[in-house]
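Pull up the model and give it a slow spin before reading on. We'll walk through it piece by piece.

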Amino acid sequence: MEGRTRLRVLAAVRSAAGPMRVDELAEQLALHPNTVRFHLETLQSDGTVERSEQHHGGRGRPSAVYTATAQPGSLGHRDPVLLSRILVEGAESRAADGDHSEVWEAGRRWGEKRCLGAGSSDIHEAIARHLDQTGFAPGAARPDDDGSGRTRISLLNCAFADLADTQQASVCALHAGMLEGVRQAVDTHAAWDVELRPFVTPSVCEVTICCRRAASDR
């Protein structure tokens, strides 16, 4: 009902010959002025109407008036993870016996394409930048002190958190593939291993970077 009323308010503003006051819209639509004002403020936030002031010839305060913008806007429900959920669930439905190679490969291709020509040949820098730019909030890199050459990076946020609860295996495979794609784009001599370690604690995942000559020590 609220969305329908907002559409009526927007339609009235768009069809008006000039800027409209709240009281004019309220009278035209048979709505309470506070209701009209509420919807206008929301439409203004969406960028579909704009507010200005109309000055009178007298000494009174100027009136707030509203006009439609050139931007059409959207009043429908928006779900920023809907497409991701459909794609991940589709890939998961095709996975047989826990085989998530398809979604892993999609992530790998994306990571490799994103990092090709990025200008960095340092694997640690490239992985940290990937994690930061994709919203995983990486912590500071921590070299192990056991001589293995391994570096650990904690992930303080999960960019796929909205999907991880129900499709954890698929989203972890997707991110592992992304990391491998970044590695392949940067590590042209195949000298490093990059591994995603999901949920080393209940709320933190970890990425390890290890020189391949020390990989057996892991």
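Leaving aside its neighbours within four places in sequence, which residues is Leu 155 in contact with? This is a predicted model, and in it Leu 155 touches Leu 131, Phe 136, Ala 137, His 175, Leu 196, Ser 203, Val 204, Cys 205, Glu 206 and Val 207. Leu 155 is also one of the residues that touch the most other members of the largest nonpolar core, along with Ile 127, Leu 131, Leu 179, Val 194 and Val 207. That core has 27 residues. At least two residues each come from α5 (101-115), α6 (123-133), β5 (151-155), α7 (161-164), α8 (168-186), β6 (192-201) and β7 (204-211). The top contributor is α8, which puts in 9 residues. In soluble globular proteins, nonpolar side chains tend to be buried together.

Before going further, a quick look at the whole chain. The protein chain has 8 helices and 7 strands, and 36% of its 218 residues count as buried. If you take the contacts between residues at least 6 apart in sequence, 54% of them join residues at least 24 apart.

Now for the sheet that goes with β5. Four strands make it up, and it is open, with the order β4-β5-β7-β6 and antiparallel pairing. The edge positions belong to β4 (142-143) and β6, and each of these has a single partner strand, so one side of each is left without a neighbour in the sheet. At one end, β4 and β5 run antiparallel and are joined by 2 bridges; there, Pro 143 sits opposite Thr 151 in β5. At the other end, β6 and β7 are also antiparallel, with 7 bridges between them. A hairpin of 2 residues links β6 to β7, and along this pair Val 194 has Ile 209 of β7 as its bridge partner.

What packs on these strands? Helix α6 does, touching β5, β6 and β7, and its direction makes about 160° with that of β7. Helix α8 lies across β5, β6 and β7 too, running at about 150° to β6.

While you're at α8, find Arg 183, which has its place in that helix. Is Arg 183 buried or exposed? It is buried, with a relative accessible area of 6%. Setting aside sequence neighbours within four places, Arg 183 is in contact with Ile 123, Ala 190, Trp 192, Asp 193, Val 194 and Arg 212. So one of these contacts, Val 194, is also on the list of best-connected core members we started with, those that touch the most others, while Arg 183 itself is buried at 6% relative accessible area. Another of the contacts of Arg 183 is Ala 190, which lies in the loop between α8 and β6. Ala 190 is partly exposed, with a relative accessible area of 35%, and its phi is near 50°, a positive value in a residue other than glycine. Most residues other than glycine have a negative phi, and most peptide bonds are trans.

Ala 30 belongs in the same conversation: its phi is positive as well, at about 55°, although Ala 30 is not a glycine. Look for Ala 30 in the loop between α2 (22-29) and α3 (33-46). Ala 30 is exposed, with a relative accessible area of 69%.

Next, some empty space. The second largest pocket holds about 240 Å³. Its lining counts 17 residues, and those nearest its centre are Asn 157, Cys 158, Ala 164, Phe 199 and Cys 205. At least two lining residues each come from α7, α8, β6 and β7, with α8 giving the most, 3 residues. Cys 205 is a residue you have met already, as one of the contacts of Leu 155.

Finally, turn to another core, which lies apart from the largest one and has 14 residues, among them Leu 29, Leu 43, Val 49 and Tyr 66. Tyr 66 makes a good entry point. Its place is in strand β3 (residues 63-68), and Tyr 66 is buried, with a relative accessible area of 4%. Not counting residues up to four places away in sequence, Tyr 66 touches Val 13, Pro 19, Met 20, Val 22, Leu 40, Gln 44, Val 49, Glu 50 and Arg 51. Val 49 is thus both a contact of Tyr 66 and a member of that core. Tyr 66 and Leu 10 are 56 residues apart in sequence, yet their C-alpha atoms are 9.9 Å apart in space.

Terms used: Residues are numbered from 1 along each chain as its sequence is written. This is a predicted model: local features need pLDDT of at least 70, side-chain atom pairs count only at pLDDT 80 or more; totals for chains, interfaces and linings use all residues. Side-chain values use heavy atoms; hydrogens and water are left out. A nonpolar core is a set of buried Ala, Val, Leu, Ile, Met, Phe, Trp, Tyr and Cys residues joined through side-chain atoms within 4.5 Å. Buried means under 20% relative accessible area, exposed over 50%, partly exposed in between (1.4 Å probe, protein chains only). Contact means heavy atoms within 4.5 Å. Two strands pair if DSSP finds at least two bridges between them. Axes are lines fitted to C-alpha atoms, for helices over the stretch in contact, and angles run from 0 to 180 degrees between N-to-C directions. On a 1 Å grid over the protein atoms alone, a cavity is a set of points where a 1.4 Å probe fits but cannot get out, and a pocket is an open set with protein on both sides within 12 Å along at least five of seven lines; lining residues have an atom within 4 Å of a point. Grid points are joined across faces, edges and corners, and a volume is the space filled by probe spheres set on the points.
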